[in-house]
Amino acid sequence: MAEVELAADCAQCFGLCCVVPAFAASADFAIDKPAATPCPNLATDFRCGIHTRLRERGFAGCTAYDCFGAGQRLSQVTFGGVDWRSSPATAATMYAAFPVVRELHEFRYHLAEARRHLRAGGDREVEVSLADEVDRLDGEVEALASGDGAALAAVDLAAVGPRIGDVLGRVSRALRSVDTGPDLGRRDLAGSDLRSTDLRAASLRGALLLGADLRGCDLSRTDLLGADLRGARLEGADLSRSLFLTQPQVGAARGDCATRLAAGLNRPAHWA
Ligand code: SF4
């Protein structure tokens, strides 16, 4: 299977994340912006005109965003380097394809992590079998993401998503099976003080952790798939061996120089 980048390369993108989604004025975005409309800060060269001042200008949400490589793939591969300004006739197709490819690429990002853990886990039969299943599913997802605009419009994410969630759930349980921690999946833990809770090998998948206090926590083998970490306190926390953590989650949280992250995740510039 061809290698596909699963992280944003803004220099190769036509600013799709600055055009396609709608913004609602909030702590993350200083303005309301309708969908399929360029942000007023987007320059003619598809660069952000306030890139170095995003947070002070009220666009913290932009600093946490990552398209998982969907933007450059659509810009340079699917649409062959033809941008939405010079080809307005294809703009609507490109806009519709962006959230589809972003979601497919996020699936692939998680499947790649699952594969890494499983292949590193030795030769336990369950892990070998799961790794083979992950490979097959990843191939299917990549085939969907490589379609043209019409094919992407026909992708049924509602059918694909649960299959990804199912296999990642089984991978998570296999990786946490040695001494499984508490199951706090989908729990509303917003604002909770979790500093004295043993969260190692816990499931926090889909949990609402908005503003939760996780300072100093050891989150080794903690499943964070889809957890809402906006404003969560991660100063001094160890996430170097957490499962299914993404750059947008990290960017939305609060951390410091003592927060430990796995290789491949970048420390946000706004962390102390
Ligand atoms: S503020 Fe900059 S990064 Fe954010 S949407 Fe507008 S142009 Fe894009």
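**Reasoning behind the assignments**

Colleague: Why is E235 called buried?

Modeller: The relative accessibility of E235 is 16%. The cut-off for a buried residue is under 20%, so E235 counts as buried. These values come from a predicted model.

Colleague: E235 meets R233 in a salt bridge. What makes this contact a salt bridge?

Modeller: The N to O separation between the side chains of E235 and R233 is 2.9 Å. The limit for a nitrogen of Arg and a carboxyl oxygen of Glu is within 4 Å, so the pair qualifies.

Colleague: How is R233 classed, buried or partly exposed?

Modeller: R233 has a relative accessible area of 22%. Buried requires under 20% and exposed requires over 50%, so R233 is partly exposed.

Colleague: What is the class of each residue in the salt bridge between R205 and D223, and how do you know?

Modeller: R205 stands at 17% relative accessibility, and D223 stands at 0%. Both values fall under the 20% limit, so R205 and D223 count as buried. Their side chains meet at 3.0 Å, N to O. The pair links distant parts of the chain: R205 and D223 both lie in the loop between α6 and β1 (238-239), 18 residues apart.

Colleague: What makes R195 and D193 a salt bridge, and how are the two residues classed?

Modeller: The N to O separation of R195 and D193 is 2.8 Å, and the limit is within 4 Å, so they form a salt bridge. R195 has 43% relative accessibility and D193 has 45%. Neither value is under 20% or over 50%, so R195 and D193 are partly exposed.

Colleague: How many salt bridges does the rule give, and which residues are linked in a network?

Modeller: The count comes to 19 salt bridges. R73, R108, R115, R119, D132, D135, D138 and E142 are linked in a network of them.

Colleague: R73 also belongs to α2. Why are α2 and α3 called oblique to each other?

Modeller: The axes of α2 (residues 70-78) and α3 (residues 88-120) cross at roughly 130 degrees and come within 8 Å. Roughly perpendicular covers 65 to 115 degrees, and roughly antiparallel requires over 145. An angle of roughly 130 degrees meets neither condition, so α2 and α3 are oblique. Their crossing is right-handed.

Colleague: Which residues meet where α2 contacts α3?

Modeller: From α2, the residues are A70, G71, R73 and L74; from α3, they are M94, A97, F98, V101, R102 and H105. By class, this contact has six nonpolar, two polar and two charged residues.

Colleague: Which residues of α2 are buried, and against what do they pack?

Modeller: The buried residues of α2 are A70, G71, Q72, R73, L74 and S75. They pack against α3, α4 and α5 (149-153). Just after α2, G80 takes a positive phi of about 55 degrees.

Colleague: What makes α4 and α6 roughly antiparallel?

Modeller: Helix α4 (residues 125-145) and helix α6 (residues 157-175) pack at about 155 degrees, with their axes 11 Å apart. The cut-off is over 145 degrees, so α4 and α6 are roughly antiparallel. The crossing of α4 and α6 is left-handed.

Colleague: Which residues form the contact between α4 and α6?

Modeller: E127, L130, E133, V134, L137, E140, V141 and L144 in α4 meet V160, R163, I164, V167, R170, V171, A174 and L175 in α6. By class, the contact has 11 nonpolar, no polar and five charged residues.

Colleague: How do you know whether Q249 is buried or exposed?

Modeller: Q249, in helix α7 (residues 247-252), has a relative accessible area of 9%. That value is under 20%, so Q249 is buried. Setting aside residues up to four places away in sequence, Q249 touches L224, G226, A227, L229 and F244.

Colleague: How is A25 classed, buried or partly exposed, and where is A25 found?

Modeller: A25 has 46% relative accessibility. As this is neither under 20% nor over 50%, A25 counts as partly exposed. A25 is found in the segment before α1 (60-64). With residues up to four places away left out, A25 touches A30, I31 and D32. The C-alpha atoms of A25 and E142 are separated by 35 Å, and the two residues are 117 residues apart along the chain.

Key
Residues are numbered from 1 along each chain as its sequence is written. This is a predicted model: local features need pLDDT of at least 70, side-chain atom pairs count only at pLDDT 80 or more; totals for chains, interfaces and linings use all residues. Side-chain values use heavy atoms; hydrogens and water are left out. Axes are lines fitted to C-alpha atoms, for helices over the stretch in contact, and angles run from 0 to 180 degrees between N-to-C directions. Helices (H or I, at least four residues) and strands (E, at least two) are DSSP runs, numbered from the N terminus. Angles under 35 degrees count as roughly parallel, over 145 as roughly antiparallel, 65 to 115 as roughly perpendicular and the rest as oblique. A crossing is left-handed if the near helix is turned anticlockwise from the far one by less than a right angle, and right-handed if clockwise. Contact means heavy atoms within 4.5 Å. Ala, Val, Leu, Ile, Met, Phe, Trp, Tyr, Cys and Pro count as nonpolar, Asp, Glu, Lys and Arg as charged, and the others, Gly among them, as polar. Buried means under 20% relative accessible area, exposed over 50%, partly exposed in between (1.4 Å probe, protein chains only).
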